Amino acid sequence: MVHPTHEQERLDALHRLRILGSTPEPHLDAVCRIASDMFDVPMVLVLLVDETRVWFKAKWGVDGEGIDREGAFCDLTIQNQAGSPLIIHDLTGDPRSAESPLVAGPPNARFYAGVPLALGSGFNLGTFCIMDCTPRPDFTERHARQLRDLALIVEAHLRLHEARVDGEADAARRLKAESALRDSEQRFRLLAETTTDVILWSGLDTTRLYVSPSIRTVLGYTPEEMLGTKPLDFVHPDDAGNFSRVLDDLTSGRVEHASTCQRYRRKDGTWVFMDVSQSLARDPMTGAPAGYVTSLRDITERKADERRIAYLALHDPLTDLPNRTLFWERLAEETRYAAQHGTRVAVLTCDLDRFKLVNDTLGHPAGDHLLQIIAARLLAVVRETDTVARLGGDEFAIILGRIETRNDASILARRIIEAINRPIGFNGHSMSVGASIGIALESGGALDAVALFKRSDMALYQAKAAGRNTHRFHDPAADPASTHPGPLKAEMQGAMKRGGFLLNYQPIIDLATGTIAGFEALMRWRHPRRGELAPSEFIPLAEESGLIISLGAWVLKEACREAAAWPDHVRVAVNVSALQFQQISMEETVLHALAASGLPPHRLELEITETILMQKTETVSRTMRRLRKLGVRIALDDFGTGYSSLSYLHNFSFDTIKIDRSFVVGMSNPRTVAITRAIVALAVDLGARVTAEGVETEEQLAFVRAAGCTDVQGFLFHPPQPAKDIARLIEGGPVRLAA
Ligand code: C2E
Ligand code: CA
Ligand code: CA
């Protein structure tokens, strides 16, 4: 059986008509009856040719619903061009039909004439045919034409059916589309009217055409009040440029969607921060821009949080004064200004005298209270444009920008000392402390911020040496870095030769086990007249004079020698100054110390501060890389006191992060807690240990544990110890850590 080449499409067209098995149509039966009369034949059929069956759509003189397609004459007929009939006057005499079961068996047909029926899609879906039981040589051309005319009528009827089916499908489609539209509209409204975001629809000229009800709570207007308005009626003038840019980007097709932060005016006149999300809406048919869909979200609270965090990062939680970071920023700004405008800038560094005594005798709450009062007093004596910062502990610094004379600075210093000297009451006690102030003055901007600060620090040392409660200007003659070595430098050099420096060791406790993980080596100067000096009293000088290089080398060698005698799992941490790290010889110094002592590199940890990283020199990063490759550990010290600390965590990899004491102390403040948690999580994520420094109370211990710190160090466990006591400490076993 040869099927038409597009048989599958033909069948699809037939099934689309949904005509098979449909109810009989009297019109078609009538046409069959007419044909029977007209051509004097006993059998007339309207047939539809399905895949394997031939269905009788209308019939005259025939029983049943259909027959097998195999051997049916109409299968031949439909292969003709639409309209051209197949006529076989004597079926037995034609090779195409002689074998057909319709000829051999009932109805024993002898004559057949059929016309293919083409429908809308152009396929021959069936036939209109007549049959006789005797051959009909009398069936002429004229009869054939009449048969075709009747077939046209049949076709017309079927076309009607086709149109009806198409129409029904169309209607169903329309209905479906309408209900989908209704659904989506309903969904849109539900969405727009229940979300706390404001949803706006506006035309291409930005006129609002729809505004969701949440506008009431967000901006205080009713949706009706907003209709017909434009965004620029509400957007803050400073954000208007931003807004127009976004609009441009959207209409030009550069972006499909844009998100910005803009301030909007509420009905009550206040401004709120909005997260504005805008998309260009296109006509679904043509794709042409049709308007804008905007959603507004009130992010005032989030902005306030961001501001709070930014504030916290730049301020001391205890006194609310600018911290070290902000101090350096401001000082850099002021020195730049001085360089550009030829003005003067002064830095006053101020240390409290007898503060430690207050802390030790009346406790930390008293010390905290005192620091807060002094902060307030300092603010009261300076100009509004000056900066008062707390650099840590009892150390304050004041930047006086754009001052006239040296005398202005000294007048201020005297007023500060007076203000600090006034007694401070606390729980019935009267506390009184003094102050020493060092001043460095600079005009024309020859010195940068760091140099200027160093000078004021040197002057502070001189003020202290001069007997406290006094101030001193930086005196270049006493500057150990200048060409005339000062008396101090000579004193330090002498002390190095005579063994005047020594190291104390402070245990670092592993929080998981309570055992000592290592010791930090901390330097002391046994001064012949002034007793044991803390590093803060001589390290700045050692750095200024360059002596720190040889002093630091001694510390490394001494600490490694000492540590080599400890058990294998106990590390030693050595503080390294920025100046040391800049030396090309640094790596060699470390190697020497390790070689001389036999200490394995992984038991040595170098504590560096951000100042080292800030220099970003090739020497520093190369030295760090090489040392780490050797196995030497690197710790980031005083984390949280300096510049944009978090970025360093990402850019360098550290073995340990040491969280500064000021963070641990400030932890009664929930904001500090949040920041510390974040830092610890980040560090641990990067594979580092996190040591909390300066833990003094059980409360602080509980906090740093909760924050995820892995190690602790502080007076709660042990103050720095002389070397001879270490063996006993290690033997003492784990400390008890409250749950
Ligand atoms: P650092 O590296 O932050 O050392 C920790 C300081 O905190 C030590 O002060 C230690 O005694 C003190 N500390 C430890 N636990 C507590 C506590 O619970 N409460 C309080 N209030 N303080 C605690 P120290 O020994 O006076 O050292 C001061 C700084 O001097 C060190 O700070 C370090 O930056 C520097 N330094 C010490 N030794 C060396 C050294 O050999 N070389 C260099 N370059 N710097 C050193
Ligand atoms: Ca340290
Ligand atoms: Ca530290």
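This passage describes the domains, calcium sites, internal spaces and selected residues of one predicted model.

As a predicted model, the structure is read with confidence limits: local features need pLDDT of at least 70, side-chain atom pairs count only at pLDDT 80 or more, and totals for chains, interfaces and linings use all residues. Residues are numbered from 1 along each chain as its sequence is written, chains are lettered from A and ligands numbered from 1 in the order in which they are written, and side-chain values use heavy atoms, with hydrogens and water left out.

The domain assignment divides the protein into domain 1 (7-192), domain 2 (198-298), domain 3 (307-483) and domain 4 (504-731); such bounds come from an automatic or database domain assignment. Between the C-alpha centres of domain 1 and domain 4 the distance is 97 Å. Two residue pairs add to this picture of distances. Leucine 400 and valine 46 are 354 residues apart along the chain, and their C-alpha atoms are separated by 109 Å. For arginine 189 and aspartate 29, with their positions 160 residues apart along the chain, the C-alpha separation is 55 Å. Leucine 400 belongs to strand β14 (residues 395-403), while arginine 189 sits in helix α5 (residues 141-194). Helices (H or I, at least four residues) and strands (E, at least two) are DSSP runs, numbered from the N terminus. Leucine 400 is buried, at 3% relative accessibility, whereas arginine 189 is partly exposed at 44%. In these terms, buried means under 20% relative accessible area, exposed over 50%, and partly exposed in between (1.4 Å probe, protein chains only).

Two calcium ions come next. The calcium ion (ligand 2) is coordinated by Glu520 (OE), Asn575 (OD1), Glu607 (OE) and Asp637 (OD), at 2.0 to 2.3 Å. Donors are N, O and S atoms within 2.8 Å of the metal (3.2 Å for Na, K and Ca), and water is not among the atoms, so sites may look incomplete. Along the sequence, the donor residues of this ion follow the pattern E-x54-N-x31-E-x29-D. Distant parts of the chain are linked here, with glutamate 520 in strand β20 and glutamate 607 in strand β23, 87 residues apart. Glutamate 520 is buried, with a relative accessible area of 4%, and glutamate 607 is also buried, at 1%.

For the calcium ion (ligand 3), the protein donors are Asp637 (OD), Asp638 (OD), Glu693 (OE) and Glu693 (OE), which lie 2.1 to 2.5 Å from the ion. Their spacing in sequence is D-D-x54-E. Aspartate 637 bridges the calcium ion (ligand 2) and the calcium ion (ligand 3), which are 3.9 Å apart. This bridging residue, aspartate 637, is buried, with a relative accessible area of 6%, while its neighbour in the pattern, aspartate 638, is partly exposed at 28%.

Internal spaces were then examined. Rolling a probe the size of a water molecule over the atoms shows where empty space is left. On a 1 Å grid over the protein atoms alone, a cavity is a set of points where a 1.4 Å probe fits but cannot get out; a pocket is an open set with protein on both sides within 12 Å along at least five of seven lines, and lining residues have an atom within 4 Å of a point. Grid points are joined across faces, edges and corners, and a volume is the space filled by probe spheres set on the points.

The search of the whole structure finds two cavities of 30 Å³ or more. The largest cavity has a volume of about 100 Å³. It is lined by 15 residues, of which Ile508, Arg571, Glu605, Thr656 and Thr691 are the closest to its centre. Two or more lining residues come from each of β20 (516-527), β22 (571-575), β23 (604-608), β25 (656-659) and β26 (689-692). By class, this lining has five nonpolar, three polar and seven charged residues. Ala, Val, Leu, Ile, Met, Phe, Trp, Tyr, Cys and Pro count as nonpolar, Asp, Glu, Lys and Arg as charged, and the others, Gly among them, as polar.

The second largest cavity, of about 50 Å³, is lined by residues including Ser202, Arg208, Phe243, Tyr264 and Gln278. Its lining divides into four nonpolar, four polar and one charged.

The second largest pocket has a volume of about 250 Å³. Among its 15 lining residues, Ser22, Pro24, Phe56, Lys57 and Glu65 are the closest to the centre. Strand β2 (residues 53-60) gives the most to this lining, with five residues.
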